[in-house]
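Me: I'd like to learn how to read a protein model without getting lost in it. Could you take me through one, feature by feature?

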Amino acid sequence: MSDTTHNPGAAKAAPGPIVAGGLMFAVGALLFAQALALAGERGYAPSGPALAPVIVTGLWVLVSLGYLAESIKSRAVPAEGGGSWRMPLLLLAALIVYALVLKYTVTGYVLATAAFVLATARLLSTRPVREVIFRDLLVAAGLSVGIYLVFTRLLGIVLPAGVLPL
């Protein structure tokens, strides 16, 4: 007999999230170091194309540390049932469609990103559409336009403008 038969609360969650968090942190730290080296070759500047990889990989490291800490903290909570692959597969499909739309259509970054954000928000939401559609539209529009303006105007990175006159 195992310990879980006598004490169900002693069951441990699977180590997968901790391993995934550790792997995400390791890859993020490696990419962050490379981004810093890239920025160092050209001389550090608070703006320009070399800053974007530093910001993105720095955020990656912070998010992976948070995920790793949460995984370790929730390790003592027993796992409930098996997970479903449906949601990750739908999100992966949405990401592939987003990349194909960006690459092979004239839609442009802002419209493609807004549609992608709306689709992923809908996939991840548990609330009815009528309760969150206005909020999701505002977030999708603000996020896509904001990222477009930061990358094109502040960092000097070209993103596909598409059909919108931005």
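Reply: We'll go from the overall make-up down to single residues. One thing up front: this is a predicted model.

Me: Fine. How many helices and strands does the protein have?

Reply: Start any reading with the secondary structure. Here you get 6 helices and 0 strands, so the pattern along the sequence is written α-α-α-α-α-α.

Me: And what share of the residues is buried?

Reply: Buried is a label with a cut-off: under 20% relative accessible area. By that rule, 22% of the 166 residues in the protein are buried. You can look at the surface too: about 11200 Å² is exposed, and carbon and sulfur atoms supply 72% of that area.

Me: How do I read contacts between residues that are distant in sequence?

Reply: Take the contacts with a separation of 6 or more, then ask how many of them span a long stretch. In this protein, residues 24 or more positions apart account for 66% of those contacts.

Me: Now a helix pair. At what angle do α5 and α6 pack?

Reply: For a pair, look at angle, axis distance and handedness. Helix α5 covers residues 109–124 and helix α6 covers 129–154; they pack at about 145°, their axes 8 Å apart. The crossing of α5 past α6 is right-handed. On the α5 side, the contact residues include Tyr 109, Val 110, Val 117 and Leu 118, while α6 brings in, among others, Val 132, Leu 137, Leu 143 and Ile 147. Sorted by class, that contact has 15 nonpolar, 2 polar and 2 charged residues.

Me: Can we zoom in on one of those? Is Ile 147 buried or partly exposed?

Reply: Ile 147 sits in helix α6. It is partly exposed, because its relative accessible area is 28%. Apart from residues up to four places away in sequence, Ile 147 touches Tyr 109 and Leu 159. With Leu 159, the gap is 12 residues in sequence and 9.9 Å from C-alpha to C-alpha.

Me: Which residues does Thr 152 contact, leaving aside neighbours within four places in sequence?

Reply: Those are Ile 157 and Leu 159. Thr 152 is also part of helix α6, and it counts as buried because its relative accessibility is 19%, where the cut-off is 20%. When you meet a polar side chain like this, check its partners. A polar atom of the Thr 152 side chain lies 2.6 Å from the backbone oxygen of Tyr 148. The side chains of Thr 152 and Arg 153 are joined by a polar contact of 3.3 Å.

Me: Let's leave α6. What does Ser 71 touch beyond its neighbours within four places in sequence?

Reply: Ser 71 belongs to helix α3, and beyond those neighbours it is in contact with Pro 17 and Ile 18. It counts as buried because its relative accessible area is 8%.

Me: Where does Arg 75 sit?

Reply: Arg 75 is in the loop between α3 (51–73) and α4 (86–104). At 28% relative accessibility, it counts as partly exposed. Pro 17 turns up again here: 58 residues separate it from Arg 75 along the chain, yet their C-alpha atoms are 8.9 Å apart.

Me: So for any residue, I ask where it sits, how covered it is, and what it touches.

Reply: That's the routine. Try it on Ser 71: helix α3, buried, touching Pro 17 and Ile 18.

How values were computed. Residues numbered from 1 in each chain as written. Predicted model: local features only at pLDDT ≥ 70, side-chain atom pairs only at ≥ 80, totals over all residues. Heavy atoms only, no water. Axes fitted to C-alpha atoms, helices over the stretch in contact; angles between N-to-C directions. Helix = DSSP H or I, 4+ residues; strand = E, 2+ residues; numbered from the N terminus. Left-handed = near helix turned anticlockwise from the far one by under 90°. Contact = heavy atoms within 4.5 Å. Nonpolar A, V, L, I, M, F, W, Y, C, P; charged D, E, K, R; others polar. Buried < 20%, exposed > 50% of the residue type's maximum accessible area, 1.4 Å probe, protein only. Polar contact = N/O pair within 3.5 Å; in protein donor to acceptor, adjacent residues only side chain to side chain. Areas by Shrake-Rupley, 256 points an atom, 1.4 Å probe, with all protein chains shown as cover.
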